Amino acid sequence: MDNRKIPDVFVSHAADILAETNSGLSGGQIVKYCNAYAVDFGVDIPITSADFGKFGSIVPNKRTALHRNLSAFNGQQQFVIIKELSELPLFENNPDAIELRKMLFDRYASFSVMPVFEQSIVPTGWNRVDRSIEEMKSRLKIADTEEKYQAIGMLGRETLISIAQQVFDKEKHPSVDGTDISPTDAKRMFEAYISFELAAESEKVVKYVKSSVDMSNQLTHDRNATKRAAGICVLAVASIANLMRHLKETEK
């Protein structure tokens, strides 16, 4: 496990902005989000209650509470938390939060555990697909319960069906097992399309695409779904969308 951390001076600066007295997160919100991240990452944090004690006897203020909690995570986890908190609707028009996020990427991008959504997800030009992926991204930013993470998986499953419908042609792409393919059977539509387009090279690609479909299905039914799993689902669906767009543009 990588135990490196983002420099404490920056973590403290982030806490000052995100928990600013008038425009930042409330004490209750800080505890709610930090507790959720602690569960997701399996980390013990020092401040798990919004009761800061009489006259701040336990924690003097909410900025200190957020700083102490952030300090309990490793660098990769701190990167995710600061990024996602700064993207909350509360900070949409907050210049300090916008600058904080820019500094985070400019200085500490090496701590990113996965490609940044805005940089890695390229629109396909298929309006319905692109709208669905944008919706998944939007939901991920504010999701904070297992049910909301599951809902992202459900939307991912529907998005994969939409992607498959963009490339699959029933007359041109026969099913591999002779089954009549339903218009909502993403796996078989993908398999038929890829097998036709890539022929002998198709096996590994089919496995990759099927695993993404399975991931969305599993997330939908996972009663212990996490924000990280939902994020991976978003990236997987976007990856399949771009892969299929590429194949479509280079069809036989």
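**Salt bridges and helix crossings in an all-helix chain**

Modeller: In this predicted model, the side chains of Arg139 and Glu135 meet in a salt bridge, with a nitrogen-to-oxygen distance of 2.9 Å.

Biologist: What makes the meeting of Arg139 and Glu135 a salt bridge?

Modeller: The term asks for a side-chain nitrogen of Lys or Arg within 4 Å of a carboxyl oxygen of Asp or Glu. The pair of Arg139 and Glu135 has its N and O 2.9 Å apart, and therefore the name applies under the 4 Å limit. By this rule the count comes to 18 salt bridges.

Biologist: How are Arg139 and Glu135 placed in helix H7?

Modeller: Both belong to helix H7, residues 127–142, where they stand four residues apart, and so about one helical turn separates them.

Biologist: Why is Arg139 called partly exposed rather than buried or exposed?

Modeller: Buried requires a relative accessible area under 20% and exposed one over 50%, with partly exposed in between. Arg139 has 34%, so it is partly exposed, and Glu135, with 35%, is therefore partly exposed as well.

Biologist: What makes Glu203 and Lys207 a salt bridge, and how does one know that these residues count as exposed?

Modeller: Their side chains meet with N and O 3.6 Å apart, and because the limit is 4 Å, the pair qualifies as a salt bridge. For exposure the value must be over 50%; Glu203 has a relative accessibility of 52% and so counts as exposed, and Lys207, at 54%, therefore counts as exposed too. The two lie in helix H10, residues 202–221, four residues apart, and so are separated by about one helical turn.

Biologist: Which salt bridge is found in helix H11, and are its two residues buried or exposed?

Modeller: Arg245 and Glu249 meet through their side chains at 3.2 Å, N to O, and both lie in helix H11, residues 227–249, four residues apart, or about one turn of the helix. Arg245 has a relative accessible area of 23%, which places it among the partly exposed residues, whereas Glu249, at 58%, counts as exposed. Elsewhere, salt bridges that share partners join Lys32, Asp144 and Lys148 into one network.

Biologist: Why is the packing of H9 with H11 described as oblique?

Modeller: The axes of helix H9, residues 186–198, and H11 come within 11 Å and cross at roughly 40°. An angle under 35 degrees would count as roughly parallel and one from 65 to 115 as roughly perpendicular; the crossing of roughly 40° fits neither range, so H9 is oblique to H11. The crossing in which H9 passes H11 is left-handed.

Biologist: Which residues bring H9 and H11 together, and of what classes are they?

Modeller: From H9 come Phe190, Tyr193, Ile194 and Leu198, which meet Ile240, Met244, Leu247 and Lys248 of H11. By class, this contact has seven nonpolar residues, no polar ones and one charged residue.

Biologist: How do you know that H1 and H3 are oblique rather than roughly antiparallel?

Modeller: Helix H1, residues 8–18, and helix H3, residues 62–71, pack at an angle of about 140°, with their axes 8 Å apart. Roughly antiparallel needs an angle over 145 degrees, and because the angle here is about 140°, H1 and H3 are oblique to each other. The crossing of H1 past H3 is right-handed. The contact is made by Asp8, Val11, Ser12, Ala15, Asp16 and Leu18 of H1 with Arg63, Leu66, His67, Leu70 and Ser71 of H3, and its residues divide into five nonpolar, three polar and three charged.

Biologist: Why is Thr159 called buried?

Modeller: Its relative accessible area is 0%, and because buried means under 20%, the term applies. Thr159 has its place in helix H8, residues 146–167; leaving aside neighbours within four places in sequence, Thr159 is in contact with Val129, Ser132, Ile133, Met136 and Val237.

Biologist: What can be said of the chain as a whole, in its secondary structure, burial and contacts?

Modeller: Its secondary structure comes to eleven helices and zero strands, and the C-alpha trace spans about 75 × 35 × 35 Å along its principal axes. Of the 252 residues, 47% count as buried. Among contacts between residues at least 6 apart in sequence, 68% join residues at least 24 apart.

Terms used:
Residues numbered from 1 in each chain as written. Predicted model: local features only at pLDDT ≥ 70, side-chain atom pairs only at ≥ 80, totals over all residues. Heavy atoms only, no water. Buried < 20%, exposed > 50% of the residue type's maximum accessible area, 1.4 Å probe, protein only. Axes fitted to C-alpha atoms, helices over the stretch in contact; angles between N-to-C directions. Left-handed = near helix turned anticlockwise from the far one by under 90°. Contact = heavy atoms within 4.5 Å. Nonpolar A, V, L, I, M, F, W, Y, C, P; charged D, E, K, R; others polar.
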